Amino acid sequence: MFEAFIVAIASIWTDSGFAALTSGHCIMILVALILLYMAIGKGFEPLLLSPIAFGCILANIPKNGFEAPGVMSVIMYGINHEVFPPLIFLGVGAMTDFGPLLANPKTLLLGAAAQAGVFVALLGAMMLGFTVQEAAAIGIIGGADGPTSIYLAAKMAPQLLGAIAVAAYSYMSLVPLIQPPIMKLFTTEADRKIVMKQLRPVSHFEKVAFPLMSTIVISLLLPSVTALIGMLMLGNLFREAGCLDRLSDTAQNALMNTVTIMLATGTGLTMSADRFLTYQTILIVILGLVAFIGGTAAGVIFGKLMCLVDGGATNPLIGSAGVSAVPMAARVSQVVGQKANPANFLLMHAMGPNVAGVIGTAVAAGTMLAMIGPVAK
Amino acid sequence: MGPVTENPFLIAIINMSIVFGVLIALGVLMTLLQYVDPTKKKSKPVAAPAPAAAPAAPVADPAAAQDNNEIIAVIAAAVAACGVSSEQIAFVRRVDLKNSWTMNARAEAISVRKECF
């Protein structure tokens, strides 16, 4: 009887995760705990980093059986087949006011200029030996747009998806720390004090026509990003139509929260030790930072150029908001501007390049898909 | 189909040009939207009557000025007797008897409102 008891215990031990636990799994669980501390303890993007970190813990439990059909395989299907990023964009569209952009269309240029960071990182990644597809997926971290990063990584470098998503969301949460020194480096005190003119009111017609017009134009030009741009603008149409408040409310709240749980948990599930604990992950984290710094610097420099051309009507600080990270980057412009001149309110002006950055990143992703093409699955 | 090019500089230049091109095109279309806005055309006639309404007041004023000062004083006294200061009287307007139906309707509306509230 005692022997049978020993055999049973040995059998349970052999089948348990403890028997298959490696140092890699332990390190990844530790990484997840640090991410959880950053999210819950320090408040860095808690809505995203918490489920990502929890998903990471789940992915590093040996013998978890996630390959078998079930809820985890459904979540992974949504990640691998780019289901969640467009759904997130639906919610983002429903929450985005394109009014400041429509009132001041020239700020679109700042959103375009800030995409330079994407190509700085792409260049660096190719020099470090990544393939052209991997470099494109890494570069898009500089767009500071989580869903687009995941969308492109799933198509071009699925093996790097976890590292790219974590780098993108981590740097997005660190925007208030990364951007201000760069903004101050490229502007003078006088530049930061510039007070911008009040924006004109935008009519209901313009707000309704814009999502329709931009969907048709961008999708016809870059069909590969039709899902992203289409859902972004559909969400915005819900918001602006005036008679679709129920749909807008669902897209902004219930659906957005549900998809965020799926997307973030799924991203965490891609962070298994064998895929994440590589030399490439460290390079991706460094390249992501380079991309962010490059994008911010390019936006501010272009803002300064615009300021010179329009006779000092533009505060160059709004250029940094061109790296998407809506609305965090616009808030940073506001805070830095207000430190120089407490009577200055740049938030609405910075929202123009901020939302232009979302469109710019999607266009950059679409162009890379068209030029380089996805990897064969 | 494989990559069009693997030269990172070329990818960067082409891609940035396309991003700028698309966003500039969007900017042009946004500006066009502002000009073709049909609701804006409607709002202009609404704004137009405002200056037209201004001359209407001076028309009423000469009519009031023609009134006998005594009549105005009597009306002011009658209003003051109801507990309202004469300083609160904004204007005294002659009733157009041609619009008697309108005046009747207005009087009835006032009396009904008094009954209701």
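Throughout this description, a residue is called buried when its relative accessible area is under 20%, exposed when it is over 50%, and partly exposed in between, with a 1.4 Å probe and protein chains only. The structure is a predicted model, in which local features need pLDDT of at least 70 and side-chain atom pairs count only at pLDDT 80 or more, whereas totals for chains, interfaces and linings use all residues. Residues are numbered from 1 along each chain as its sequence is written, chains are lettered from A and ligands numbered from 1 in the order in which they are written, and side-chain values use heavy atoms, with hydrogens and water left out.

A search of the whole structure for salt bridges returns seven over all chains, a salt bridge being a side-chain nitrogen of Lys or Arg within 4 Å of a carboxyl oxygen of Asp or Glu. One of them joins the side chains of Asp310(A) and Lys106(A), with an N to O distance of 2.9 Å. Asp310(A) is in the loop between α20 and α21 of chain A and Lys106(A) in the loop between α7 and α8 of that chain, so the pair ties together parts that are 204 residues apart in sequence; helices (H or I, at least four residues) and strands (E, at least two) are here DSSP runs, numbered from the N terminus. Asp310(A) is partly exposed at a relative accessible area of 25%, and Lys106(A) is likewise partly exposed, at 33%.

Helix α14 of chain A contributes to two further salt bridges. Within it, Arg192(A) pairs with Glu189(A), their closest N and O atoms lying 3.0 Å apart, and the two residues, three apart in this helix (residues 189-192), are separated by about one helical turn. Arg192(A) is buried, with 11% relative accessibility, while Glu189(A) is partly exposed at 40%. Asp191(A) forms a salt bridge with Lys304(A), for which the closest N and O atoms are 2.7 Å apart; as Asp191(A) belongs to helix α14 and Lys304(A) to helix α20 of chain A, the pair ties together parts that are 113 residues apart in sequence. Asp191(A) counts as buried at 11% relative accessibility, and Lys304(A) as partly exposed at 25%.

The loop between α21 (328-340) and α22 (347-372) of chain A holds Asn341(A), which is buried, with a relative accessible area of 18%. Its side chain reaches the backbone oxygen of Lys193(A) at 3.3 Å. When neighbours within four places in sequence are left aside, Asn341(A) is in contact with Lys193(A) and Val195(A), contact meaning heavy atoms within 4.5 Å.

Several backbone features of chain A also merit description. Most residues other than glycine have a negative phi, and most peptide bonds are trans. The peptide bond from Val326(A) to Pro327(A) is cis, with omega near -10°, and Pro327(A) is found in the loop between α20 (279-309) and α21. Lys63(A), in the loop between α4 (46-59) and α5 (71-80), has a positive phi near 60° and is exposed, with a relative accessible area of 53%. Glu82(A), in the loop between α5 and α6 (84-95), also has a positive phi, of about 55°, but is buried at 14%.

The largest nonpolar core, a set of buried Ala, Val, Leu, Ile, Met, Phe, Trp, Tyr and Cys residues joined through side-chain atoms within 4.5 Å, has 127 residues, and those with the most contacts inside it are Phe210(A) and Ile359(A). Helix α22(A) gives the most to this core, with 14 residues. Beyond residues up to four places away in sequence, Phe210(A) touches residues of both chains, including Phe98(A), Met233(A), Ile359(A), Met30(B) and Leu33(B).

Chain A and chain B bury about 2,900 Å² between them, 84% of it on carbon and sulfur atoms, where buried area is the accessible area (1.4 Å probe) that two parts lose on being put together, summed over both. In chain A, Phe119(A), Phe205(A) and Met371(A) lose the most area to chain B, together 22% of what that side buries. The contact takes 38 residues from chain A and 30 residues from chain B, and the count of salt bridges between the two chains is zero. The largest share of the side of chain A that touches chain B, 10 residues, comes from α22(A).

Key
Polar contact = N/O pair within 3.5 Å; in protein donor to acceptor, adjacent residues only side chain to side chain.
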